Amino acid sequence: MHKQMTLLGAGGLALSLLTTSVMAQQPDFSRLGGDLTPVGAERAGNAAGTIPEWTGGLDSDAGQLLDDGFSANPYADEQPEFVITAQNYQDYSDNLTPGQIALFERYPETFQMPVYPSHRSIGYSQDVYDQVKRMAGQAQLVNNGDGITNFPHGTFAFPIPQSGVEVVWNHNTRYRKNVHRYYMQAMPQVNGSYTLIKLEEEVGYPNQMPDVDHESVPNNLLYFKQRVNAPSRLAGNVLLVHDSLDQLQEPRMAWVYNAGQRRVRRAPQVAYDGPGTASDGMRTSDNFAMYNGAPDRYDWELVGKKEVFIPYNSYKLTEPDLPYADVLQAGHINPKHTRFELHRVWEVQGTIKDGQRHIYAQRNFFMDEDSWLITLADHYDGRGTLWRVGEGHISHNYREKIPGYSIETLYDLIAGRYIALGMYTEERAAPNFDYTPNYNQFTPAALRASGVR
């Protein structure tokens with residue numbers, strides 16, 4: 001039963017506040033680090049023995065450090081235990097999502113899922129575990145779950161979630177580091193042809209930026225800058241975003257610098273179902289990183305936990321000099337570079353609220369329990385038809401103790417096209433986490449300088 005509190009805002013307007021203290025029983029946070037991992041996953045394996053016990057994740061020296069910041073694949077010697085195809089997927093349907101089944105049916109001759117032994121490779125630093133334990137139970141949902149408060153610059157707001165929106169907030173407040181990276185985006189046509197979009201990205205977090213008094217900006221989540229470096233017709237265009245925890249209190253602020261016009265403009269369209277940067281309409285703004293931004297346009301139902309074959313330990317996709325042309329194929333990425341494992345996931349279903357609009361009327365997210373990363377996403381149109389299927393191919397940077405995506409894909413089942421984002425193997429430069437930005441780099445005034453061709 002939810003308890004509603006009514007507060008008076010500016011002008012005496014009544015504001016609805018949904019608090020987490022309303023749950024019939026407060027979660028037992030003493031379980032963190034016990035039968036639950038320090039971030040809230042089940043420590044034990046499954047009864048069948050096909051999902052192992054979590055024992056801390058990969059050590060920082062699990063693989064050799066290669067040139068240009070790349071790390072070796074710690075599971076390079078393993079072979080698939082079996083391969084799921086259009087001919088046998090029904091034998092595994094209990095552990096597949098509707099989107100995966102749709103891909104087998106859409107591409108019966110080429111789409112495959114090589115399944116490897118499951119490894120619970122993800123582990124964070126002790127500092128992260130200490131912070132999660134210290135702040136557990138402090139975060140509060142506000143505006144009926146559309147924002148959170150009392151959680152300045154924390155990690156994993158709801159390690160023992162009680163609702164669907166809390167699971168979504170765990171993805172949005174997952175542990176991350178400042179980063180500077182170069183990567184490619186491509187939108188292959190039905191025949192497989194594509195143009196590479198080269199992007200440069202800088203992300204800063206207030207509590208990791210020495211010139212930011214992060215205690216004075218408790219609602220600030222991150223600062224994000226994205227520059228298009230190629231092709232030449234788009235080069236120099238820059239996007240800047242300031243994101244907040246409660247976007248109804250402080251909406252996302254976004255600006256774009258158009259190199260052709262040499263002008264900086266506010267960009268309110270960089271949210272929800274606004275078009276993603278240089279994506280040819282193949283993804284929305286909130287498709288980036290599988291999902292981002294305010295969750296206020298959906299009612300979020302916690303469907304529950306299940307065991308699913310998900311893209312995991314995807315180190316093959318980050319091997320130095322892996323040609324993009326060997327990854328990008330017609331219809332979907334090349335299965336020989338993918339790896340799927342059986343893991344437990346949280347499923348959350350978002351249904352568009354009455355009076356709201358979005359091109360996706362329903363979205364189902366499947367979130368890895370060990371990282372709180374969305375790894376699979378099914379998107380439905382207004383007719384209830386499964387339209388787009390997203391895959392976040394997770395790999396763990398064991399040296400930095402931070403998981404992320406080797407590549408993100410979003411397959412349009414109707415158009416027969418897809419978008420792939422995050423490839424960097426030909427750039428000879430892995431993401432740089434030893435990056436210390438200052439606030440001046442994330443101001444509108446800095447956009448013009450960033451966009452000089």
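## Trp300 and its surroundings

In this predicted model, Trp300 makes contact with Gly164, Val165, Val168, Tyr291, Pro295, Val348, Gln349, Gly350, Arg363 and Phe365, once neighbours within four places in sequence are set aside. Trp300 belongs to strand β13. Its relative accessibility is 12%, and Trp300 therefore counts as buried, the cut-off being under 20%. The C-alpha atom of Trp300 is separated by 21 Å from that of Arg252, a residue 48 positions away along the chain.

Three of the contacts named above, Gly164, Val165 and Val168, are also found in the list of buried residues of helix α3. That helix is mostly covered, with nine of its nine residues buried. Besides these, the buried residues of α3 include Glu166, Val167, Trp169, Asn170, His171 and Asn172.

## Nonpolar cores

The largest nonpolar core has 76 residues. Within this core, the residues touching the most other members are Tyr124, Ile148, Phe156, Trp300 and Ile374. Apart from it lies another core, of 32 residues, which includes Phe104, Met184, Leu317 and Val327.

Ile374 is in contact with His171, Met290, Tyr291, Phe365, Phe366, Met367, Gly392 and Tyr405, leaving aside neighbours within four places in sequence. Tyr291 and Phe365 appear among the contacts of Ile374 and also among those of Trp300. His171, another contact of Ile374, is a buried residue of α3.

## Aromatic pairs

A search of the whole structure yields 22 aromatic pairs. In one of them, the ring centres of Tyr124 and Phe156 lie 5.5 Å apart with the planes at 65°, so this pair is edge-to-face. Tyr124 is placed in the loop between β4 (113-115) and α2, and Phe156 in the loop between β6 (147-149) and α3 (164-172), so the pair ties together parts that are 32 residues apart in sequence. Both Tyr124 and Phe156 are buried. Ring pairs also link Tyr124 and Phe156 with Trp54, Tyr129 and Tyr175 into a cluster.

The pair formed by Tyr411 and Tyr418 has its ring centres 5.2 Å apart and its planes at 45°, so it is tilted. Tyr411 and Tyr418 are both buried.

## Ser371

Ser371 is located in the loop between β15 (362-368) and β16 (374-380). With a relative accessibility of 1%, Ser371 counts as buried. Although Ser371 and Ile122 are 249 residues apart along the chain, their C-alpha atoms are separated by 6.8 Å.

Not counting residues up to four places away in sequence, Ser371 touches Ile122, Tyr124, Phe156, Arg174, Ile394 and Pro403. This list contains both Tyr124 and Phe156, the two partners of the edge-to-face pair.

## The second largest pocket

The second largest pocket has a volume of about 320 Å³. Its lining consists of 19 residues, of which Gln131, His153, Thr155, Tyr175 and Asn207 lie nearest the centre of the pocket. One of these, Tyr175, is also a member of the aromatic cluster.

By class, the lining comprises six nonpolar, nine polar and four charged residues. Helix α2 (residues 126-135) gives the most to this lining, with four residues.

## Backbone features

Most residues other than glycine have a negative phi, and most peptide bonds are trans. Against that background, three sites deserve attention.

A cis peptide bond joins Ala230 and Pro231, with omega at about 5°. Pro231 is situated in the loop between β9 (220-230) and β10 (238-244). Met290, which is not a glycine, has a positive phi near 75°. Met290 lies in the loop between β12 (263-266) and β13 (298-311) and is buried, with a relative accessible area of 4%. Met290 is also one of the contacts of Ile374. Lys401 likewise has a positive phi, of about 60°, although it is not a glycine. The position of Lys401 is in the loop between β17 (386-397) and β18 (402-412). Its relative accessible area is 18%, under the 20% cut-off, so Lys401 is classed as buried.

Technical notes:
Residues numbered from 1 in each chain as written. Predicted model: local features only at pLDDT ≥ 70, side-chain atom pairs only at ≥ 80, totals over all residues. Heavy atoms only, no water. Core = buried A, V, L, I, M, F, W, Y, C linked by side-chain atoms within 4.5 Å. Buried < 20%, exposed > 50% of the residue type's maximum accessible area, 1.4 Å probe, protein only. Contact = heavy atoms within 4.5 Å. 1 Å grid on protein atoms, 1.4 Å probe; cavity = no way out; pocket = protein on both sides within 12 Å on 5 of 7 lines; lining within 4 Å. Points joined across faces, edges and corners; volume = space filled by probe spheres on them. Helix = DSSP H or I, 4+ residues; strand = E, 2+ residues; numbered from the N terminus. Nonpolar A, V, L, I, M, F, W, Y, C, P; charged D, E, K, R; others polar. Phe/Tyr/Trp six-rings, centres within 6.5 Å; stacked < 30°, edge-to-face > 60°.
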